[in-house]
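Reader: Hey, got a minute to walk me through this one? I'd like to start with a single residue and work outwards.
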Amino acid sequence: MQVKNPIRTRGRLRAFLFFLLAALLSGIAAFALLYLLIPLDPKQVTHIEPSPALYDAQGRLFHLRLSSNSEWQIPIPLSEMGKWLPLVAVGVEDGRFYRHPGIDPLALLRATVQNIAARRVVSGASTITSQLIRLSISEREPSERGSAVPARRARSLGTKVREFIQAMKLERVMTKEKILENYLNQAPFGGNIRGVQAASLLYFGKPALKLSPGEACLMIGMLKGPTLYRPDLRPEAARRRRDTVIRFLRDRGVLTSDTAQRALLEELPR
């Protein structure tokens, strides 16, 4: 018995390692096949239906109409979004945005552990890039072949895999700055308000370029629940969410203590 046990143990270990290697190679092969088969048209990502707008001689907006999608949307370049909106968006939505290739392996691992522990989906490990794919492609797909009516894909594992692969493909053809710009131009801010410029004008009466740190935190905080955290409909919920974002960014060094303290004292838009 003393001779057979070590041999049996080594045999089981070899079998386990063989199974692990086979599973790894199968996963790599499946991913490579999906990467080849799943298409991506970058034009879909950058396509935006803007609201018709009129400006005076000084470049000030004085008339705005709903877009052809019945939304308020004014796309602007990243350089006109000011300092705080991009900074807060990356800090809250995707802290490793500038370091990952479209998917965040660490976030995926954390989400997998959390979902297994909870026995349900509690974390999706989405990145800004994959969220842009969802906003620009998944949520614009027609409900049926030949129909112009968009319908959201079911939030299934297959959908997430498809979006992650498209996100990785997008990172190969678009700069991080352009990805962030398109994401902030298409992000939902309650009702039919889409994009940071329209949201800033409608909620604060000023362009995104002039938003304060607290205002930027309120707007980015809305992305977790655009209707739930609307300052005009649920001001107390919006304030709590904003304050949570401010403290989160302060604790991670994105905002200084002084900046965070001033942001916490800011009034909500009326």
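Author: Sure. Take M219: leaving out residues up to four places away in sequence, M219 touches L85, F189, V196, A199, S200, F204 and L211. Keep in mind that this is a predicted model.

Reader: OK, and which helix is M219 in?
Author: M219 sits in helix α9.

Reader: Is M219 buried or exposed?
Author: Buried. Its relative accessible area is 0%, and buried means under 20%, so M219 counts as buried.

Reader: You listed A199 as a contact of M219. How far apart are the C-alpha atoms of those two?
Author: The C-alpha atoms of M219 and A199 are separated by 7.9 Å, while the two residues lie 20 apart along the chain.

Reader: V196 was on that list too. What is V196 in contact with?
Author: Setting aside neighbours within four places in sequence, V196 contacts M81, L85, L184, F189, A208 and M219.

Reader: Which residues touch the most other members of the largest nonpolar core?
Author: Those are L85, L184, F189, V196 and M219, in a core of 52 residues.

Reader: Which elements give two or more residues to this core?
Author: They are α3 (84–93), α5 (128–136), α6 (157–173), α7 (176–186), α8 (196–204), α9 (213–222), α10 (235–251) and α11 (257–264). The most comes from α9, which gives six residues.

Reader: Let's stick with α9. How do the axes of α9 and α10 cross?
Author: They come within 8 Å and cross at roughly 110°. Angles of 65 to 115 degrees count as roughly perpendicular, so that is what α9 and α10 are to each other. The crossing is right-handed.

Reader: Which residues meet there?
Author: From α9, G214, C217, L218 and G221 meet R241, R242, V245, I246 and L249 of α10.

Reader: Zooming out, how many helices and strands are in the protein chain?
Author: There are 11 helices and two strands. From the N terminus, the order is α-α-β-β-α-α-α-α-α-α-α-α-α.

Reader: And how much of the chain is buried?
Author: Of the 270 residues, 43% are buried. As for contacts between residues at least 6 apart in sequence, 62% join residues at least 24 apart.

Reader: Last thing: what's the pLDDT like?
Author: The chain averages 87, and 89% of the residues score at least 70. Over residues 144–150, though, the pLDDT is below 50, and that stretch has nine contacts in the model beyond near neighbours in sequence.

Terms used:
Residues are numbered from 1 along each chain as its sequence is written. This is a predicted model: local features need pLDDT of at least 70, side-chain atom pairs count only at pLDDT 80 or more; totals for chains, interfaces and linings use all residues. Side-chain values use heavy atoms; hydrogens and water are left out. pLDDT is the predictor's confidence in each residue, from 0 to 100. Contact means heavy atoms within 4.5 Å. A nonpolar core is a set of buried Ala, Val, Leu, Ile, Met, Phe, Trp, Tyr and Cys residues joined through side-chain atoms within 4.5 Å. Buried means under 20% relative accessible area, exposed over 50%, partly exposed in between (1.4 Å probe, protein chains only). Helices (H or I, at least four residues) and strands (E, at least two) are DSSP runs, numbered from the N terminus. Axes are lines fitted to C-alpha atoms, for helices over the stretch in contact, and angles run from 0 to 180 degrees between N-to-C directions. Angles under 35 degrees count as roughly parallel, over 145 as roughly antiparallel, 65 to 115 as roughly perpendicular and the rest as oblique. A crossing is left-handed if the near helix is turned anticlockwise from the far one by less than a right angle, and right-handed if clockwise.
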